[in-house]
Amino acid sequence: MREFGSEHPFIEPVKKFYRFDNFFKTEIYFRAGRDALGAAAECISSSGAVILLPAYCCESMVLPFINRKWSVKYYSLNSDFSVNEKELIGMCEKHKVKAVLLMNFFGISPVADIASSIKEYSKEIIIIEDFTHTLFSDHNLSDKNINFKISSIRKWIGIPDGAVLLTNSDCSPSVGRNDENFLSLRIKGMALKFKYNLEKDPDLKKKYLQTLRDAETCLNDYSACYAISNVSINVLSSLDIEEIRQCRFANFNHLLSLIIDVPGVDLVLKTAPSSVPFSLPILVRDRDLVQRKFAERGLYAPVLWPLNNQCRNTCNFSSGISDTMLSLPVDQRYDYEDIEEIGRIVRSVLVES
Ligand SMILES: Cc1ncc(COP(=O)(O)O)c(C=O)c1O
């Protein structure tokens with residue numbers, strides 16, 4: 001017999017974002033990706049260890065190691081973002097390497113094979129996978145060769161802070177207190193941006209940009225690995241990531257169809273990746289000029305990433321990508337009409353360049 005009426009039963013909120021705990025003993029949330037990388041570094045060695053990083057990487061991936069007195073060496077990438085196995089193993093032999101950081105760039109360079117080759121060479125080498133570009137559909141969660149996985153979640157959604165570290169190792173990474181200063185600047189900056197989007201007052205724009213820049217400077221403090229805020233945890237636990245996934249795939253495919261034949265645009269990804277798209281990277285000549293013209297028309301496409309000289313000297317492919325790439329947004333903020341507009345801006349700028 002079915003029953004109707006009377007008291008409401010308690011329904012547990014669905015924790016939609018959390019989906020890692022089936023695979024990992026330890027799942028810790030931090031303020032930023034660099035805190036998660038720092039926590040992994042502290043688990044692995046106190047100082048003096050050698051880590052290999054891909055030559056294509058951003059400074060926030062390097063500094064957590066440098067600031068803990070690690071020695072960082074860079075390995076080069078092939079023209080499809082894959083790793084040259086022979087060179088990497090040669091470097092492991094030469095430098096008494098303690099750890100290697102691998103990354104599946106834009107979802108097109110899976111790390112399982114190279115991780116397996118490294119472990120075949122030496123079980124002692126610790127492998128860290130940065131899965132920032134494949135956060136919402138990582139296909140490599142059960143890979144036993146990966147010792148630590150980290151991802152900067154705040155790059156994907158509108159939260160003031162957020163990154164995750166996953167590991168099955170026995171060491172338990174240390175988590176510092178919350179960074180109240182960073183949090184309040186981020187919340188203030190994001191709120192100002194929201195207001196600017198409604199009112200389009202140029203003063204508001206100046207203020208939100210400055211506030212967000214001030215927040216980023218807090219991240220230069222490497223004295224602790226700060227914890228994520230409750231504000232972000234609450235957002236994460238109520239997120240419908242299925243909706244985000246579908247939106248990003250739809251936007252990626254739509255924008256790709258609009259720009260695929262634009263003269264002067266080279267594509268890094270000629271079809272959607274198998275994982276949820278992070279962005280749609282394009283390669284253009286006169287990159288800085290194109291970036292400025294995009295911005296004049298309201299399209300902000302960041303450079304991923306400016307490289308330090310050591311990286312540039314290690315890998316021609318990486319420095320070429322760094323000099324010519326712009327990353328177009330395809331995220332869940334945008335609907336069909338927005339993507340049409342982004343496509344029009346790309347076409348108009350490139351056709352006149
Ligand atoms: C691939 C990757 N990993 C890690 C980080 C560091 O993340 P965060 O800025 O949250 O410290 C970044 C930042 O840009 C990144 O792009």
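These legends walk through several views of one predicted model, from the whole protein down to single residues.

**View 1. The whole protein, with its 12 helices and 10 strands.**
Welcome to the full chain, a good place to get your bearings. Along the principal axes, the C-alpha atoms of the protein fill a box of roughly 70 × 55 × 45 Å. How does the radius of gyration of the protein compare with that of a compact globule? A compact globule of 353 residues would have a radius near 20 Å, and the protein has 21 Å, which agrees. Of these 353 residues, 38% count as buried.

**View 2. The domains of the chain.**
Here the chain is divided up by its domain assignment, which gives domain 1 as residues 26-167, domain 2 as 180-220 and domain 3 as 241-352. Look next at domain 2 and domain 3: their centres, taken over C-alpha atoms, are separated by 24 Å.

**View 3. The surroundings of the ligand.**
Which residues sit around the ligand? Following the numbering, they are Ala32, Gly33, Arg34, Cys58, Ser60, Met61, Asp130, Thr132, Ser152, Arg154, Ala163 and Leu219. By chemical character, this shell divides into 5 nonpolar, 4 polar and 3 charged residues. Two helices are worth finding in this view: helix 1 (33-44) and helix 2 (59-66) each supply at least two residues of the shell.

**View 4. Strand 2 and strand 3, a parallel pair.**
Strand 2 covers residues 50-54 and strand 3 covers residues 71-75, and 5 bridges join them. To pick out one of these contacts, start at Pro54 and look across to Tyr75, its bridge partner in strand 3. How does the chain get from strand 2 to strand 3? The path goes through helix 2 (residues 59-66), making a β-α-β crossover that is right-handed.

**View 5. Lys69, in the loop between helix 2 and strand 3.**
This view stays with the same stretch of chain and stops at one residue. Phi of Lys69 is near 60°, a positive value in a residue other than glycine. Is Lys69 buried or exposed? Lys69 is exposed, because 12 other C-beta atoms lie within 10 Å, and a residue with 12 or fewer counts as exposed.

**View 6. An open sheet of 3 strands, in the order 8-9-10.**
In general, strands of a sheet pair through backbone hydrogen bonds, either parallel or antiparallel. In this sheet the pairing is antiparallel. Strand 8 (266-267) and strand 10 (325-328) are the edge strands, each pairing on one side only. Between strand 8 and strand 9 there are 2 bridges, and Asp266 has Leu283 in strand 9 as its bridge partner. Strand 9 (residues 280-283) also pairs with strand 10, over 4 bridges. A contact to look for here is the one from Leu280 to its bridge partner Leu328 in strand 10.

**View 7. Asp286, in the loop between strand 9 and helix 9.**
Follow the chain on from strand 9 to reach this loop residue. Asp286 has a positive phi of about 50° although it is not a glycine. With 12 other C-beta atoms within 10 Å, Asp286 is exposed.

**View 8. A cis peptide bond from Leu304 to Trp305.**
Take a close look at the backbone here: omega of this bond is near -25°. Where does Trp305 lie? Trp305 belongs to the loop between helix 9 (287-296) and helix 10 (309-314).

**View 9. Two pairs of residues, viewed by their separation.**
Two pairs show how separation along the chain and separation in space can be read side by side. The first pair is Phe20 and Leu141, which are 121 residues apart along the chain, with their C-alpha atoms separated by 7.8 Å. Phe20 is found in the segment before strand 1 (26-30), and it is partly exposed, with 15 other C-beta atoms within 10 Å. The second pair is Lys195 and Ile125, which are 70 residues apart in sequence and 49 Å apart in space, C-alpha to C-alpha. Lys195 is part of helix 5 (residues 180-199). With 14 other C-beta atoms within 10 Å, Lys195 is partly exposed.

Notes:
Residues numbered from 1 in each chain as written. Predicted model: local features only at pLDDT ≥ 70, side-chain atom pairs only at ≥ 80, totals over all residues. Pairing = 2+ DSSP bridges. Right-handed = clockwise from strand over helix to strand, strands pointing away. Near = placed C-beta within 6 Å. Nonpolar A, V, L, I, M, F, W, Y, C, P; charged D, E, K, R; others polar. Domains from an automatic or database assignment. Rg over C-alpha atoms; globule rule 2.2 N^0.38 Å. Buried ≥ 20, exposed ≤ 12 C-beta atoms within 10 Å, placed from the backbone.
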